[in-house]
Amino acid sequence: MAPLAGPVMKNRLKVLRAMRDWSQAELAGQLDVSRQAVNAIETGKHDPSLPLAFRIARLFDMRIEEIFDDEV
Amino acid sequence: MSSKSNPNLYYRLVDLCLALTFISLVVGIYDYTVAVADQSWDRTLDNRFSTLFTSLGILNFILSMTIILATSLRDEFAEALWQKTAGTMLRAMAILPPFAMIVMMILWPLTPELPSPLDSYLAEDALAEEGLKLEDVTRFLGTIETVGTYWSLTMSVFVFVFQWHRWRARS
């Protein structure tokens with residue numbers, strides 16, 4: 001399926017979540033978004049907003065560019 | 001994006017709205033089919049299932065409106081789906097009406113001739129005493145009924161298209 005809007009960035013969210021043994025619902029709860037939003041980001045259907053990308057980076061204690069790759 | 005008390009609530013509302021729409025459709029199609037079969041248009045929905053159908057309709061109407069208007073309930077993915085749905089609806093509004101009119105013109109001769117439900121409660125003599133013509137009153141009430149129908153229909157279709165985009169994003 002095509003992403004919701006334009007090309008979508010690659011990301012390591014699924015790997016980082018698996019490393020912490022979190023479910024999508026648990027990660028969604030920590031990020032204050034729905035489980036569907038986490039699933040859509042992980043599967044490349046949706047690019048997070050800049051504020052959400054920062055929240056993700058802070059949660060994993062990493063820089064945004066270490067999680068998201070803008071070379072589509 | 002502001003903090004959401006429960007970001008999943010919006011999707012639960014969409015699920016509930018779709019379930020109610022499905023039940024309403026089943027009841028409505030069954031009722032219409034029976035009415036066409038026994039030529040009892042004046043009995044449809046006024047007598048059968050009226051309480052159920054009205055309750056479902058009102059609840060569905062409120063839910064659909066909430067889904068469309070309640071920005072604060074949407075997280076950013078729901079907002080993206082909402083915007084994609086709005087785009088789809090606008091494109092459909094520009095393209096589909098001519099096709100709908102052609103289909104209606106083709107199907108019109110096949111439609112059983114039923115009296116207008118508006119005529120059933122408009123007494124021509126009583127209207128004449130008030131200086132009103134049945135044709136004018138029927139046209140006026142018909143316009144209101146049409147606007148109301150498309151109002152609720154458009155909101156239901158919006159929820160359906162939203163769910164379609166949601167399914168596509170999930171697969």
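1. A good place to start is chain B, which has five helices and zero strands. Its order along the sequence is α-α-α-α-α. Please keep in mind as you read that this is a predicted model. Of the 171 residues in chain B, buried ones make up 16%. Among the contacts in chain B with a separation of 6 or more, 75% join residues 24 or more positions apart.

2. Chain A brings in strands as well: its secondary structure comes to five helices and two strands. Reading along the sequence gives the pattern β-α-α-α-α-α-β, with a strand at either end. Chain A has 72 residues, and 26% of them are buried. For contacts in chain A with a separation of 6 or more, the share between residues 24 or more positions apart is 59%.

3. Where do the two chains meet? On the chain A side, 17 residues are in contact with 17 residues of chain B. The elements of chain A that give two or more residues to this side are α3 (35–42) and α4 (50–59). Of these, α3(A) supplies the largest share, five residues. By class, the side of chain A that touches chain B holds nine nonpolar, five polar and three charged residues. If you are turning the model on screen, α3(A) is a helpful element to find, as the largest share comes from there.

4. Next, have a look at the largest nonpolar core, which has 28 residues. Which of its residues touch the most other members? They are V33(A) and A37(A) from chain A, with V14(B), F77(B) and V159(B) from chain B. The core draws two or more residues from each of several elements: α2 (24–31), α3 and α4 in chain A, and α1 (9–38), α2 (50–69), α3 (76–107) and α5 (134–170) in chain B. As general background, nonpolar side chains in soluble globular proteins tend to be buried together.

5. V159(B), one of the core residues just named, rewards a closer look. Setting aside neighbours within four places in sequence, which residues is V159(B) in contact with? They are V14(B), C17(B), L18(B), S64(B) and I67(B). V14(B) also appears among the core residues that touch the most other members.

6. V159(B) also takes part in the meeting of α2(B) and α5(B). These two helices pack at an angle of about 60°, and their axes are 9 Å apart. Angles from 65 to 115 degrees would count as roughly perpendicular and those under 35 as roughly parallel, so α2(B) and α5(B) are oblique to each other. The crossing of α2(B) past α5(B) is left-handed.

7. Which residues make the contact between α2(B) and α5(B)? From α2(B) come N60(B), F61(B), S64(B), M65(B), I67(B) and I68(B). They meet S152(B), M155(B), S156(B), F158(B) and V159(B) of α5(B). Sorted by class, this contact has seven nonpolar, four polar and no charged residues.

8. N60(B) leads on to A19(B), which lies in helix α1 of chain B. The C-alpha atoms of A19(B) and N60(B) are separated by 9.3 Å, with their positions 41 residues apart along the chain. Is A19(B) buried or exposed? A residue counts as exposed if 12 or fewer other C-beta atoms lie within 10 Å of its own; A19(B) has 12 such atoms, so A19(B) is exposed.

9. For a contrasting pair, try G131(B), found in the loop between α4 (124–129) and α5 of chain B. G131(B) and S55(B) are 76 residues apart along the chain, and their C-alpha atoms are separated by 36 Å. G131(B) counts as exposed because it has 6 C-beta neighbours inside 10 Å.

10. Two residues of chain A are worth checking for their backbone. Most residues other than glycine have a negative phi. D21(A), in the loop between α1 (13–19) and α2 of chain A, has a positive phi of about 60° although it is not a glycine. D32(A), in the loop between α2 and α3 of chain A, also has a positive phi, near 65°.

11. How exposed are these two residues? D21(A) is exposed, with 7 other C-beta atoms within 10 Å. D32(A) has 16 other C-beta atoms within 10 Å, so D32(A) is partly exposed.

Definitions and conventions
Residues numbered from 1 in each chain as written. Chains lettered and ligands numbered in written order. Predicted model: local features only at pLDDT ≥ 70, side-chain atom pairs only at ≥ 80, totals over all residues. Contact = placed C-beta atoms within 7 Å. Helix = DSSP H or I, 4+ residues; strand = E, 2+ residues; numbered from the N terminus. Nonpolar A, V, L, I, M, F, W, Y, C, P; charged D, E, K, R; others polar. Core = buried A, V, L, I, M, F, W, Y, C linked by C-beta atoms within 7 Å. Buried ≥ 20, exposed ≤ 12 C-beta atoms within 10 Å, placed from the backbone. Axes fitted to C-alpha atoms, helices over the stretch in contact; angles between N-to-C directions. Parallel < 35°, antiparallel > 145°, perpendicular 65-115°, else oblique. Left-handed = near helix turned anticlockwise from the far one by under 90°.
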